[in-house]
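Visitor: I'd like a close look at the charged side chains here, and then at the surroundings of the ligand. Could you walk me through them slowly, with the distances?

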Amino acid sequence: MMHRLFKTCHVGTKCCLLTLIWSFATWIVIFQVYHVLFPSKSEIPELRKSQLMDSVNVSPDISAFQSALKHVSIRGEPLMKESSSVQIRENSSLKNNTRNRAVEEAKLLRLKKLAGLLFPSKALSMDASKANHSEVGIYYPGREWRDIAGHPIQAHGGGIIYVPKSETFFWYGENKGGRTYHLSKRGTARVDVLGVNCYSSKDLWSWKFEGRALKGEYRNKKSDLYVKNVVERPKVIYNDRSKLYVMWMHIDNGTYSKAAIGVAVSTHPVGPFEYLGSKRPHGCDSRDMTVFKDDNGDAYIVYSSQINNELHVGKLTEDYLDVMERGMEKIFIKQRREAPAVFKHKSIYYMLTSGCTSWNPNGALIHASTSMLGPWVTIGDPCVGGDEELRTLTFFSQGSFVLPLPGLQDTFIFMGDRWLPSDLRDSRYVWLPLTMNGPLYQGVSTDIHFPQLQRVSIRWADEWKLPQGWNNSQNL
Ligand code: DGJ
């Protein structure tokens, strides 16, 4: 074809065509070089994604980090602006382009560091199946935590009871060991109801999986425990009269509109728990909840209500299997608090709460009262130390329980969840010492007289250990 073309053309036309071809080829080369040097907007995020994943080795879906980190800022500069911090805007001028790239590179570097910091590589797990003597008992908040069989612990949103007879702790929590998905486009990230797990330990560090204390229900769609529903924040208390272990939990449907509490019982701490049913306490919607057993055996339920606008506190019946319909108190009205956790110190009740931002972290608050039914006074954010930005986000976690330690009067363990909404099963635990250290907070004035009100501190530590002898029975 080409040959025929040349044959029929004049010499001048041939030259002209050659020049045209050459200049066309040159333009292609220039275009390619430019493209390599300054890739287009749509290509850069892909490149960044793979770089980021290699370096942090945490999750197959970096968009989760982007959404999880969107509230985090470093040195006053929001890390996640608009839809993505790693997205580079195209600029008309080369100079701007280069400067933007440098800024984005710096941001990316911080994001990488932060992601590695918040969800450290699994190679760094706290692994009770492999730990040598010197490693046992060292807590690294945010690292993956493995039980004595080497499996990641699945006990999220949970709580712990201590059984003095066997000197054993039992940790109950949500088994989130399934695939994360959304029921609808705007629905929250979730996993199927896979039951409530139970782990046992003598030292609070090496945990043995005791099985599913409460199982999910795969067939019966009418069951509260049906896989497509929601079972969250299970807490267990022991009834000294009935000698039964009673588990209370948040029961919901996939859209969180059922808003109820459920109860189950067992004769043994490890279960199996028999599910008794659910209800709306005091006729009110209830979502995040906890139960608290007082020294005199009275037990209370605390739950977020009125679409999380307030908390309600009410007494449980003597057998702990129901809620007393009378005597409920509304607290923190219009303050939108959830994830309540209650503990008692020197006759004063303390409650830790979070704000309401789904799986994203926010600031914690401590409240105090001389009676479970209030009035309650808000004292302030108990978090101290560590990175300032993370501190204001409860160290990138949400509280689930405050554990008293046998033998240590003024020290508790703060138990929090560092949720990973793209892959909830890889959510981490943030356990930190919670100490009652010293008299009243400065600048806190309350109308209520609290003779023994203490400063509550949840102090950040990259790694920490319980003091020796804390569980020595002589201290009890
Ligand atoms: C925040 C609650 O504290 C969690 O238990 C869970 O219900 C999430 N919201 C769901 O978005």
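**Charged pairs and the ligand site**

Guide: Happily! There are 21 salt bridges in this predicted model, a salt bridge being a side-chain nitrogen of Lys or Arg within 4 Å of a carboxyl oxygen of Asp or Glu. A word on the ground rules: because the model is predicted, local features need pLDDT of at least 70 and side-chain atom pairs pLDDT 80 or more, while totals for chains, interfaces and linings use all residues. Numbering runs from 1 along each chain as its sequence is written, and side-chain values use heavy atoms, leaving out hydrogens and water.

Let's begin with Lys176 and Glu174, whose side chains form a salt bridge with N and O 2.8 Å apart. Lys176 counts as buried because its relative accessible area is 7%, and Glu174 is buried too, at 3%. Here buried means under 20% relative accessible area, exposed over 50%, and partly exposed in between (1.4 Å probe, protein chains only).

Next, look at Arg190 and Asp192. Their salt bridge has its closest N and O atoms 3.9 Å apart. Arg190 is buried, with 5% relative accessible area, whereas Asp192 reaches 21% and is therefore partly exposed.

Now turn to Lys279 and Glu325, a salt bridge of 2.9 Å from N to O. This pair ties together distant parts of the chain, with the two positions 46 residues apart in sequence numbering. Lys279 belongs to strand S14 (residues 274–279), while Glu325 lies in the loop between strand S17 (310–315) and strand S18 (329–331). Strands are DSSP runs of E, at least two residues long, numbered from the N terminus. Both partners are partly exposed: Lys279 has a relative accessibility of 26%, and Glu325 has 43%.

Salt bridges can also share partners, and that is how Lys122, Glu144, Arg146, Asp426 and Arg428 come to be joined into one network.

On to the ligand. The residues around the ligand, each with a heavy atom within 4 Å of it, are Thr188, Glu232, Arg233, Tyr256, Asp288, Glu338, Ser358, Trp359 and Gln398. If you follow the ligand's oxygen atoms, a polar side-chain atom of Asp288 lies 2.5 Å from one of them. Glu232 likewise places a polar side-chain atom 2.6 Å from a ligand oxygen, and for Thr188 the corresponding distance is 3.3 Å. Taken alone, the ligand exposes 290 Å², of which the protein buries 93%; these areas come from the Shrake-Rupley method with a 1.4 Å probe.

Two further spots may interest you. Thr353 sits in strand S20 (residues 348–354) and counts as buried because its relative accessibility is 2%. The side chain of Thr353 makes a polar contact of 2.8 Å with that of His367; such a contact pairs N or O atoms within 3.5 Å, and within protein one must be able to donate a hydrogen and the other to accept it, with sequence-adjacent residues counting only if both atoms are side-chain atoms.

Finally, Asp410 is found in strand S25 (residues 408–418), where its relative accessible area of 30% makes this residue partly exposed. Asp410 and Asn437 are 27 residues apart in sequence, and their C-alpha atoms are 7.4 Å apart in space.

Key. Helices (H or I, at least four residues) and strands (E, at least two) are DSSP runs, numbered from the N terminus.
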